[in-house]
Protein chains: 2
Amino acid sequence: VRVTIALDAMGGDRAPDAIVAGAVFAARACDVDIRLVGDPVGLETALASHRGPVGLPITIVDAPDVIGMDEAPLSALRRKPRASIAVACEDVSAGRALAVVSAGHTGATLIAAHAALGLAPGVDRPALAVLIPTETGSTVLVDAGANVECRPEHLVQFGVMGSAYARVALGRARPTVGLLSIGEESDKGTDVVREAHGLLAKAPVHFVGNVEARAIFRGMADVVVCDGFTGNVVLKVGEGLAEMFERVVRRDLAANASGDHSGPVEEALRRFKHLVDAEARGAAPLLGVNGLVLVAHGQSSPQAIRNAIEMAATLARAGFVNQIAAALGS
Amino acid sequence: VRVTIALDAMGGDRAPDAIVAGAVFAARACDVDIRLVGDPVGLETALASHRGPVGLPITIVDAPDVIGMDEAPLSALRRKPRASIAVACEDVSAGRALAVVSAGHTGATLIAAHAALGLAPGVDRPALAVLIPTETGSTVLVDAGANVECRPEHLVQFGVMGSAYARVALGRARPTVGLLSIGEESDKGTDVVREAHGLLAKAPVHFVGNVEARAIFRGMADVVVCDGFTGNVVLKVGEGLAEMFERVVRRDLAANASGDHSGPVEEALRRFKHLVDAEARGAAPLLGVNGLVLVAHGQSSPQAIRNAIEMAATLARAGFVNQIAAALGS
C-alpha cells in the first residue's frame with residue numbers, strides 16, 4: 001500500500017540538505033509519496049542537486065518558518081504558526097499525509113503534534129519510545145525524554161503504549177514490561193516508581209516487575225518504562241561511554257607500536273558504537289498523539305532519514321495509531 | 001601516622017574469606033591496625049588459612065550477628081543490635097577506630113552509621129560519593145544511591161560535600177561542580193533539579209551549571225551532583241553496557257575464523273571494563289555522617305578490600321571528616 005509521509009525538511013542540524021537527500025533515497029526505494037515541508041526555494045535547489053529527482057513522488061509544501069534548535073518551543077510555535085513542523089502536523093490532521101517525520105526540535109514536535117492531532121483517548125501524556133539494542137535483540141525504552149516528570153498513571157500508560165509498539169516493532173505477541181528501578185524488589189525506587197509498580201501489576205500488560213538499569217541490556221524485558229528524565233540519562237550515558245571508550249582505545253592503539261592491531265579493534269569499536277549510537281536506534285515514535293509522528297535524531301544522515309521514512313510507512317500500513325488506541329481501550 | 005580501621009568482616013557476597021584476605025594484604029602493606037569485626041570462630045579459621053598472620057596488626061572484635069544482603073535493613077538492625085556493621089560503627093563512635101570499611105548491605109551501613117555517628121552539622125542526608133573514570137581522569141558522582149529522593153537543598157549539600165571529597169581524592173584546589181540534567185540550560189530538568197540549579201549558583205562551590213549525562217565522561221565537572229536514583233542508573237547502565245559489549249564482541253571473535261585477533265581486542269575489552277567496573281571505582285565514602293565510613297562493592301575481591309582499607313587510612317590521615325564539616329560551615 002502506497003502511503004504519504006509529511007517530512008519536516010527544515011528541522012535538524014543538517015537540514016535541509018540531509019533531509020532532502022533522505023527523501024530522495026526513500027522516494028526511490030520505498031513505496032511512499034513524500035510531502036517535503038519547508039522553504040520552497042531552498043528545497044527546489046536542494047532537490048535539483050540530486051540526479052534525476054524529476055518524476056520522483058516528492059511534493060514541496062510551503063512552510064515559510066522554522067523552529068530553531070535553541071528556541072523555546074512553545075513561544076516559537078506561537079510566533080511562527082506556519083513553521084515547517086506545524087505545517088507537517090497539519091498535513092496529517094487534514095488527511096493529506098499518514099505520518100510526520102522530523103529531525104527538528106523534539107519539544108517543538110511534541111507541542112505541534114499535540115496541538116494539531118490531539119491525544120488518543122485515555123492518554124494524559126505522549127511519550128517517546130526508542131529501540132535500544134540488547135544482547136538478545138532490542139528493547140523498547142519509553143519514555144525516552146518527552147516527559148521530565150511523570151505521575152504513576154503516566155508510567156502505566158507508557159507501559160500499555162510501549163507494549164503496542166513492541167508488538168509491531170519487535171513482533172512479540174505478548175511483550176514483557178519492566179519498570180526501571182534501582183532494585184528488583186517492589187519496594188525499591190521513588191514513591192512514583194513504587195506506586196507505578198502496584199498499578200502496572202493490575203494493568204493490561206505482561207508486567208514482569210522492576211528491572212535494574214544493568215539488566216536492560218540483558219534483554220530482561222521487551223518494554224522498559226521510566227520517566228523521560230531517567231530515559232534520557234540511560235541513552236546519554238551509553239553515548240558518552242561509547243565516545244570515551246573510542247578515544248581511550250584509539251589513544252592506546254596510537255601509543256602501542258607493536259604491530260597494527262587497528263583492524264579488529266576498530267571493528268569492535270564500530271560494534272560498540274552501533275550498540276549505543278543514537279542514529280542506529282532509528283526514529284522514535286511519539287506514542288499517544290492521535291496520529292503518527294516520528295522523531296529522528298537531530299544529526300540524522302540521509303540514510304537515517306530514509307530509514308525513518310520507511311519506518312513511518314511500515315507503522316502507517318500496520319495501522320499503528322489504531323493499535324495504540326485499541327490497547328488503551330482494553 | 002598509624003591509623004586503626006574497623007573492618008566489617010561479615011558483610012558482602014564473599015565474606016568473610018575475601019574480607020579477611022584483604023585485611024591480611026592491607027596489614028602487610030599499609031600502615032594500619034585492623035579491627036576485624038565478626039564471628040570470632042569463623043574469623044580465626046579464615047585468618048589461620050593465611051601464611052604468617054601471626055604478628056600482623058589484626059585484632060578480632062566479637063560481633064555475633066550479620067545483616068544479610070536481602071534483609072530489610074531497618075528491622076534487621078533492630079533485631080540484631082550486635083550485627084557486625086553496627087559493632088564496627090560503634091568502634092568509630094567510641095574512638096577505638098578512625099574509619100569503618102564494609103562490603104555489606106549498603107542500606108544497613110547507612111542506617112548503622114547514621115545511628116552510631118550522627119550527621120555532620122548542616123547535613124540533612126548522608127550521600128555516597130563514587131569516583132567514576134572519565135577521559136581526562138576521574139569525576140566524583142554524588143549521590144550514587146543512598147537517597148532515592150532528594151530535595152533541592154540536599155543536592156546543594158551533596159555539591160559542597162562532593163567538593164571537599166574532590167579536593168582530597170582528585171587533588172583539585174577548586175573543584176568544578178555540575179548538576180546532572182537533560183540539557184545544559186538552567187530551565188532543563190525536573191522541578192527539583194531546576195530549583196537546585198538556582199541554589200547551587202549561590203552556594204560556596206565552583207558551580208559550572210547543568211551537565212548532561214553524556215558530558216560526564218568528557219570530564220566536564222570534577223563533581224557531578226544528582227539524586228541517588230539517577231546516580232544508580234548512571235553506574236548500572238555503564239556496568240550493563242560493559243557486560244553486553246564483552247559478550248557481543250566475544251561472540252564476534254568466536255565466529256570470525258580469519259586469524260586470532262583476540263589479544264588486542266581482549267585488551268580493549270579489559271580497558272572498557274576497567275572504565276565502568278564497580279570494583280575499579282573503589283570504595284565509596286558516605287559523606288555527611290559524623291565519622292569516616294567507606295562502602296565497598298558487595299562482590300569486592302581481597303585486592304578491593306585492601307584498596308578500600310588504604311583509602312580509608314588516607315582519608316583518615318587527611319582529616320577528611322573535619323574537612324567536610326569545615327566545608328559545610330563556610
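**Notebook: strand E1 of chain B, and where chain B meets chain A**

I began with strand E1 of chain B, where B:Val3, B:Ile5 and B:Leu7 point one way and B:Thr4, B:Ala6 and B:Asp8 the other way, with all of them buried. I note for myself that this is a predicted model. E1(B) covers residues 3–8, and I found it mostly covered, six of its six residues being buried.

Next I looked up the partner of this strand. E1(B) pairs with strand E2 of chain B, residues 32–38, in the parallel sense and over six bridges. Within E2(B), the residue standing opposite B:Ile5 is B:Ile34.

I then turned to the interface, where 44 residues of chain B are in contact with 44 residues of chain A. Between them the two chains bury about 4500 Å², and 69% of that area lies on carbon and sulfur atoms.

For the polar side of this interface, I recorded 10 salt bridges found by the rule between chain B and chain A. A:Glu135 forms a salt bridge with B:Arg247, and the closest N and O atoms of that pair are 3.1 Å apart. The rule also finds 13 residue pairs in polar contact across the interface, both residues being at pLDDT 80 or more.

Which elements of chain B each supply at least two residues of the side that touches chain A? I listed strands E5 (127–134) and E7 (176–181), together with helices H7 (191–202), H8 (213–216), H9 (228–255) and H10 (262–276). The largest share, 19 residues, comes from H9(B). By kind, the residues on this side of chain B divide into 22 nonpolar, nine polar and 13 charged.

Key:
Residues are numbered from 1 along each chain as its sequence is written. Chains are lettered from A and ligands numbered from 1 in the order in which they are written. This is a predicted model: local features need pLDDT of at least 70, side-chain atom pairs count only at pLDDT 80 or more; totals for chains, interfaces and linings use all residues. Side-chain values use heavy atoms; hydrogens and water are left out. Contact means heavy atoms within 4.5 Å. Buried area is the accessible area (1.4 Å probe) that two parts lose on being put together, summed over both. A salt bridge is a side-chain nitrogen of Lys or Arg within 4 Å of a carboxyl oxygen of Asp or Glu. A polar contact is a pair of N or O atoms within 3.5 Å; within protein, one must be able to donate a hydrogen and the other to accept it, and residues adjacent in sequence count only if both atoms are side-chain atoms. Helices (H or I, at least four residues) and strands (E, at least two) are DSSP runs, numbered from the N terminus. Ala, Val, Leu, Ile, Met, Phe, Trp, Tyr, Cys and Pro count as nonpolar, Asp, Glu, Lys and Arg as charged, and the others, Gly among them, as polar. Buried means under 20% relative accessible area, exposed over 50%, partly exposed in between (1.4 Å probe, protein chains only). Two strands pair if DSSP finds at least two bridges between them.
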